[in-house]
Amino acid sequence: MHFHHNGYVSIDPRVEFPAGYGENRSEELPDEMDVLIVGSGPAGMIAAAQLSQFPDVNTRLIERRDGRLPLGQADGIQARSVETFQAFEFAEELIREAYHLTEMCFWKPDPQNPQNIIRTARTPDDPNNISEFPHLIVNQARVLDYFREFAERSPGRITPDYGIEFLSLDIDKDGTNEYPVSVHLRYVAGERAGEERTVCAKYVVGCDGARSGVRKSIGRTLTGMSANHAWGVMDVLANTDFPDMHTKCAISSKHGSILHIPREGGHLVRMYIDLGEVPEDDNHRVRETTIEQIIDRANAILTPYSLDVKQVAWHSVYEVGHRLTDHFDDVNPDDRGAVCPRVFITGDACHTHSAKAGQGMNVSMQDGWNIAWKLGQVLSGRAPSSLLDTYSGERQEIAKNLIDFDKEWSTLMATPADQLPDPAYLENFYVKTAEFPAGFMTEYQPSMITSTAEHQNLATGFPIGKRFRSAEVMRRLDAYVRHLGHEHKADGRYRLYVFADDAPVQEKSTVDALAEKLLHDPRSPFVQFRKEGDDISTLIEPNVIYQSEYTTFTCPEVPEIFRPPVGELGLDYWEKIYSVIPENNIFDVRGISKDGAVVIVRPDQYVAAVLPLNDFEGICAYFEGALAPVK
């Protein structure tokens, strides 16, 4: 953590000094704002957290509830999400309080006594070691708390405006209105309850769930179908003789199926209980199933074991549905490129699916992060407005892939074991597809911010369009082993990783030549996009990784671009100079050419480009497409 750059700091270093709109934040929702976020769920809170790092962007978040969420419905935290939490500086705290999933047990009917279940398999949760981060279970409300705390202590000082309900919106499309989105609201709590008003925004982000009013206001509809299958879900405190009570389980019996998930805190467990097929003329009557009936069903499925429920923390009944909108913003296909999108929808507002793949909260957070950094870049003048067109295209494809996966997984979960292709089909599918639910199969297609794979062979372990997969390096200034990707804070900046061909003390180094151009050439993104008064690394953080051991060179020998002056005092910044760890060489681990390579990473941790070490023109061309000229 880097915090003494503007002088000595003795307070909590996580609390950044306020700036911009954070210096004098109004407690009253203003009449005009840059961004209005509707809904404080996972997508809304991560969007607010990211935009709090853009203090010159006036961002507000409204929520119908009168306060924080006390109990969330989502609980599964995939490894990609924990990576994301690392960028927002609370992964370690959440890891400590969460339940860690290490394996999954599979239970099926006993061939000798089919009325009873027996354990038939154990599978490791991450059999292929796809991430250094764990798979966790924790209450969604705690995730929202952490994002809210990050937003509140960031320069923008964003806090939710509770007790305000979204009613509708209108968009002025004549192009002359600076705040073209008129949003109609109603106060539902406090002294102003019942009062209605209209505010205006440049952009609106709808994070308001499956019944989204924002989605309806822009004419988008969720299309798809239900699977005519119902599940009861309950969070309970209970005693039992079931031996895997605190292990994740997929249970298939003659009486139905259960997906069993232990929760954080040592006693709480969640059970998704199969309630069977729902007739087409049911008209949602299955949702009237009582908690007592759900518990009875669970006990039948668990035979010969029993469940003595002492307390129900939460329960619900839902019918599996897979629905998707065709676009995640207000722009129709014929207008794409000619009209700037003004309203965006995220999470359940634009894609719904079952809860059993553990994807709802995880994918929603990536939606919110994706649109938030782009809005921050555009509204702060760093990027052209065309950047906003990439949101719908990128995230709609990911949502479709998720729904396709969830259809298969939820169907398998509801299929009796004796009707599967082979006895081990379910557990083999779980292991084979582990990378998808973990969040690591997202791969963005070429666009203005994602290059083609022409030079992918220079860094095969950093596939373009996929998230930057971390590996260990040695930080030179203090000989401290760090995970390179973990140093990427969600501050809205791009990362430029220069994997060097040799040490800085060598003559005629390719890195030295590149560094000189990056620092001084007028076309360099560090020069042409830098505003007066900004640090060199305000938009793009330069990193260098040498193949030599750290003892063979010193930080002052490294080119200046990699140790730029920062802050009011102009202090040299040495923290982004790295070397390899011989026994765990990142060049070998991530397939990086020994001739070196340049890897550009987007603000949301996705690999944007891989280029040769001597391709200064390629670096310039990439950023000329992604950033806006200085005005």
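Let me start with a term: contact here means heavy atoms within 4.5 Å. With that rule, 14 residues of domain 1 are in contact with 14 residues of domain 2. Before going further, a word on what we are looking at: this is a predicted model, where local features need pLDDT of at least 70 and side-chain atom pairs count only at pLDDT 80 or more, while totals for chains, interfaces and linings use all residues. Residues are numbered from 1 along each chain as its sequence is written, and side-chain values use heavy atoms, with hydrogens and water left out.

So, the domains. The bounds come from an automatic or database domain assignment, which gives domain 1 as 20–73 + 140–222 + 323–414 and domain 2 as 456–626. Their C-alpha centres lie 33 Å apart. Between them, domain 1 and domain 2 bury about 1200 Å², with 50% of it on carbon and sulfur atoms. Trp-369, Trp-373 and Arg-382 are the domain 1 residues that lose the most area to domain 2, together 45% of what that side buries. Buried area, for the record, is the accessible area (1.4 Å probe) that two parts lose on being put together, summed over both.

How many salt bridges are there between domain 1 and domain 2? The count is one. A salt bridge here is a side-chain nitrogen of Lys or Arg within 4 Å of a carboxyl oxygen of Asp or Glu. Arg-602 forms a salt bridge with Glu-394, and the closest N and O atoms are 2.7 Å apart.

Let's stay with charged pairs. Side chains of opposite charge can pair when their charged atoms come close. By the rule I just gave, the count comes to 47 salt bridges. I'll pick out a few.

Take Glu-83 and Arg-80, whose closest N and O atoms are 2.9 Å apart in a salt bridge. They are three residues apart in helix H2 (residues 79–87), so about one helical turn separates them. Helices (H or I, at least four residues) and strands (E, at least two) are DSSP runs, numbered from the N terminus. Are Glu-83 and Arg-80 buried or exposed? Both are buried. The cut-offs are under 20% relative accessible area for buried, over 50% for exposed, and partly exposed in between (1.4 Å probe, protein chains only).

Next, Asp-389 and Arg-336 meet in a salt bridge at 3.0 Å, N to O. Asp-389 lies in helix H8 (residues 389–414) and Arg-336 in the loop between strand S16 (307–324) and strand S17 (343–345), so this pair ties together parts that are 53 residues apart in sequence. Asp-389 is buried, with a relative accessible area of 19%, while Arg-336 counts as partly exposed at 29%.

Then there is Arg-475 with Asp-478, a salt bridge at 2.7 Å, N to O. Arg-475 is buried at 9% relative accessible area, and Asp-478 is partly exposed at 35%. One network is also worth showing on screen: salt bridges link Arg-68, Glu-97, Arg-142, Asp-145, Arg-148 and Glu-152.

Now some backbone details. Where is the residue Ala-479? Ala-479 sits in the loop between strand S19 (472–475) and strand S20 (480–483). Ala-479 has a positive phi of about 55 degrees although it is not a glycine, and it is partly exposed, with a relative accessible area of 35%. Glu-89 also has a positive phi, near 70 degrees, in a residue other than glycine. Glu-89 is found in the loop between H2 and helix H3 (91–97), and its relative accessible area of 24% makes it partly exposed. A cis peptide bond joins Thr-303 and Pro-304, with omega about 20 degrees; Pro-304 is in the loop between helix H6 (291–301) and S16.

Last, one residue from the inside. Ser-252 belongs to strand S13 (residues 248–253) and counts as buried at 8% relative accessibility. Leaving aside neighbours within four places in sequence, Ser-252 is in contact with Trp-107, Lys-108, Pro-109, Ile-117, Ser-257, Thr-415, Pro-416 and Ala-417.

That's my tour, folks. Thanks for listening!
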